[in-house]
Amino acid sequence: MTADIAKINAAAAAVAYVEEGMTLGLGTGSTAAHFVRMLGQRVAQGLKVRGVPTSEATAQLARECGVPLMDVAKVGALDLCVDGADEVDPRFQLIKGGGAALLREKIIAQAARHFLVIADESKMVERLGAFPLPVEVTPFGYALTAAKIYTALRDSGCAGTEVALRETAENAPVVTDGGNFVLDCRCRAIPDAPALADRLKRITGVVDHGLFIGMARTVIVGKAKSADVLER
Ligand code: 5RP
């Protein structure tokens, strides 16, 4: 409950960054959902914006909230992207993908002139890695890809490495909006996130990973009664 209030406070502070006529990337997850609902209220009051959702779930929520959506195929650049995170370190490096939307989230965040992250304070960490790192992989040969990822994690100095296929409650593989699988990598601590990001991207079968490096410009940290705005 406290975390939810903190998420609401972060989302409310992010709404202040939205200006008339903007094109917006709309993130995925519970914190981003608060932002979409608040945006819908502003749209009902007359604000003109258009959004690009980072998942089918966010697309559906945006439609329910009356937020007009753009076809991603027609998007050049976006003014602002607002999204949540699973972990944020002091250099604004992120782990994302807890909601299995990391690929679309990264594509949309990279298309935005301003990537703004909203998170409750439990997401702020000194070092990334306690949250299992999601890696999106092609279903074909995923166990072979998992073995390569395991080696990359171990060679990158991640402690306690384990790579597990994300499954539903019915023990079926979770399938992303792009039709891929997600491997959750228990690292405990990631000593050098940019180096690991590069290493993972070189593995055939890896579509993308949940390390967002050098992308966030603003982080809004929601607390029980307020929100702190951090700028890079
Ligand atoms: C989804 C994400 C989410 O932004 C992340 O999991 C945070 O979620 P929440 O706001 O529900 O804590 O990366 O893929």
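These are my notes on the ligand site and the salt bridges of this structure.

**Setup.** I am working with a predicted model, in which local features need pLDDT of at least 70, side-chain atom pairs count only at pLDDT 80 or more, and totals for chains, interfaces and linings use all residues. Residues are numbered from 1 along each chain as its sequence is written, and side-chain values use heavy atoms, with hydrogens and water left out.

**Ligand.** I looked up what surrounds the ligand and found 17 residues (a residue counts if one of its heavy atoms lies within 4 Å). The closest are Ser30, Thr31, Asp86, Gly97 and Lys123. I then checked polar contacts (pairs of N or O atoms within 3.5 Å). A polar side-chain atom of Thr31 lies 2.5 Å from a ligand oxygen. For Asp86, a side-chain N or O atom is 2.6 Å from an oxygen atom of the ligand.

**Salt bridges.** I found twelve salt bridges (a side-chain nitrogen of Lys or Arg within 4 Å of a carboxyl oxygen of Asp or Glu). One of them joins Arg113 and Asp79, at 2.8 Å from N to O. Arg113 lies in strand E6 and Asp79 in strand E3 (strands are DSSP runs of at least two residues, numbered from the N terminus), so the pair ties together parts 34 residues apart in sequence.

I also looked up Asp120 and Lys123, whose salt bridge has its closest N and O atoms 3.6 Å apart. Both residues are buried (under 20% relative accessible area, with a 1.4 Å probe and protein chains only). Last, I noted that Glu56, Arg104 and Asp177 are linked in a network of salt bridges.

Methods. A polar contact is a pair of N or O atoms within 3.5 Å; within protein, one must be able to donate a hydrogen and the other to accept it, and residues adjacent in sequence count only if both atoms are side-chain atoms. Helices (H or I, at least four residues) and strands (E, at least two) are DSSP runs, numbered from the N terminus. Buried means under 20% relative accessible area, exposed over 50%, partly exposed in between (1.4 Å probe, protein chains only).
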